[in-house]
Amino acid sequence: MSYTIALAGKGGTGKTTVAGLLIKYLVQKHKTPVLAVDADANANLNEVLGLEVHDTVGNAREDMKKGKVPDGMTKDVFMSMRLEEAIAEEDGYDLLVMGQPEGSGCYCAANSILVGFLEKLAANYPYVVMDNEAGMEHISRLTTRNVDVLLLVTDASRRGLQAAVRIHQLAGELNIVAGRSCLIMNQAKGAPDAAALEIIRDAGLTLAGVIQEDDTVYEYDLNGRPTVEIPEDNPAVRAAYEIFEKIID
Ligand SMILES: Nc1ncnc2c1ncn2[C@@H]1O[C@H](COP(=O)(O)OP(=O)(O)OP(=O)(O)O)[C@@H](O)[C@H]1O
């Protein structure tokens, strides 16, 4: 059984940055293969990791929808082949990008193949890290898997916190978290203020830790350099690793 960590939060709070650092942390400290899933159509987990992506799950599904299955090949074999090809392999981890959400008209056959494929694929990895969109679409629709830890990433803003609270509530309604939900406050400028702590407490959330705003993190991204290449003595990376150490079994 793999251990699944899902990240979610308002866009721009640093969810993908934290996901990338978590993948690096798991690969380095736990020395076990990690399956990274980019399940946010707006996220660029591959850039944070410094990986090129050539294909996505969405492309495979669209091709199946458009009837691009070669003669003599079953849809099942076609989808499995295309999905295998969409996995980007790197030292210590593999990355699967979900890509654009489905267009009009649900294609149940492709989706059910996808569910089966993801189930089987994830079982090969001790850890699965999923970077999700706020709506948690892929978690709720495409996988029946339970999330062991839901990491809600926010900045210090009221909107960021409110988005985290809403996702926490949605996850509760969807019943997808078997383990626990924790909050990470990222891009902080000092300690969280009393109003933020009150929102967190009222929502019944646990603040797992705070990562300060850091010029190096920002500049790496601005210059197109992978976040995971930031030296480990960087204060933001150190803070992230301390949080991961606390929350990952
Ligand atoms: N601790 C930090 N200090 C400074 N800049 C940061 C920090 N964390 C993230 N950033 C920067 O904030 C920007 C947004 O980060 P990121 O892409 O990880 O956010 P996101 O929540 O995944 O957004 P989206 O869902 O829109 O992709 C990036 O430029 C990133 O480098």
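For these notes I count two strands as paired if DSSP finds at least two bridges between them. The model I am reading is predicted, and I kept that in mind through each entry.

**Entry: strands β6, β7 and β8**

I began with Met185 and looked up its bridge partner in β8, which is Val210. The chain gets from β7 to β8 by way of helix α8 (residues 194–202), and I noted this β-α-β crossover as right-handed. The two strands, β7 and β8 (residues 207–212), run parallel and are joined by four bridges.

I then turned to the other neighbour of β7, strand β6 (residues 147–154), which runs parallel to β7 and is joined to it by seven bridges. Within that pairing I found Val153 matched with Ile184 of β7. With helix α7 (residues 158–174) between them, β6 and β7 form a β-α-β unit that is right-handed as well.

**Entry: two positive phi values**

Which residues other than glycine did I find with positive phi? Asn175 has phi near 60°, and Gln187 has phi near 55°. I placed Asn175 in the loop between α7 and β7, whereas Gln187 sits in strand β7 itself.

Is Gln187 buried or exposed? I counted 22 C-beta neighbours inside 10 Å, and because the cut-off for a buried residue is 20 or more, Gln187 is classed as buried. For Asn175 the count within 10 Å is 9 other C-beta atoms, so this loop residue is exposed.

**Entry: strand β4 and its partners**

I next checked strand β4 (residues 93–97), where four of the five residues are buried, so that I recorded the strand as mostly covered. Strand β2 (residues 34–39) pairs with β4 in the parallel sense over five bridges, and in that pairing Ala36 has Leu95 as its bridge partner. Strand β3 (residues 87–90) runs antiparallel to β4, with four bridges joining them, and here I found Ile87 bridged to Leu96. The hairpin of β3 and β4 has two residues between the strands, and in it Gly92 takes a positive phi near 90°.

**Entry: the ligand shell**

How many residues surround the ligand? I found 20, and the closest of them are Gly11, Gly14, Thr16, Thr17 and Asp221. Sorted by class, the shell holds five nonpolar, 10 polar and five charged residues. When I asked which elements supply at least two shell residues each, I found α1 (15–30), β7 (177–188) and α9 (215–222).

**Entry: Ser112**

I looked up Ser112 and found it in helix α5 (residues 108–122). Its 13 C-beta neighbours inside 10 Å make it partly exposed. From Ser112 to Ala60 the C-alpha atoms are 13 Å apart in space, while the two residues lie 52 residues apart in sequence.

**Entry: the whole chain**

Last, I took stock of the protein overall, whose secondary structure comes to 10 helices and eight strands. The radius of gyration is 18 Å, close to the 18 Å that the globule rule gives for 249 residues, and I therefore noted the protein as being as compact as a globular protein of that length. The C-alpha trace spans about 65 × 40 × 30 Å along its principal axes. I recorded 39% of the 249 residues as buried. Of the contacts between residues at least 6 apart in sequence, 80% join residues at least 24 apart.

Technical notes:
Residues are numbered from 1 along each chain as its sequence is written. This is a predicted model: local features need pLDDT of at least 70, side-chain atom pairs count only at pLDDT 80 or more; totals for chains, interfaces and linings use all residues. A residue is near a molecule or strand if its C-beta atom, placed from the backbone, lies within 6 Å of it. Ala, Val, Leu, Ile, Met, Phe, Trp, Tyr, Cys and Pro count as nonpolar, Asp, Glu, Lys and Arg as charged, and the others, Gly among them, as polar. A residue is buried if 20 or more other C-beta atoms lie within 10 Å of its own, exposed if 12 or fewer, and partly exposed in between; C-beta atoms are placed from the backbone. A crossover is right-handed if, with the strands pointing away from the viewer, the path from the first strand over the helix to the second runs clockwise. The radius of gyration is taken over C-alpha atoms; the globule rule is 2.2 Å times the number of residues to the power 0.38. Two residues are in contact if their C-beta atoms, placed from the backbone, lie within 7 Å.
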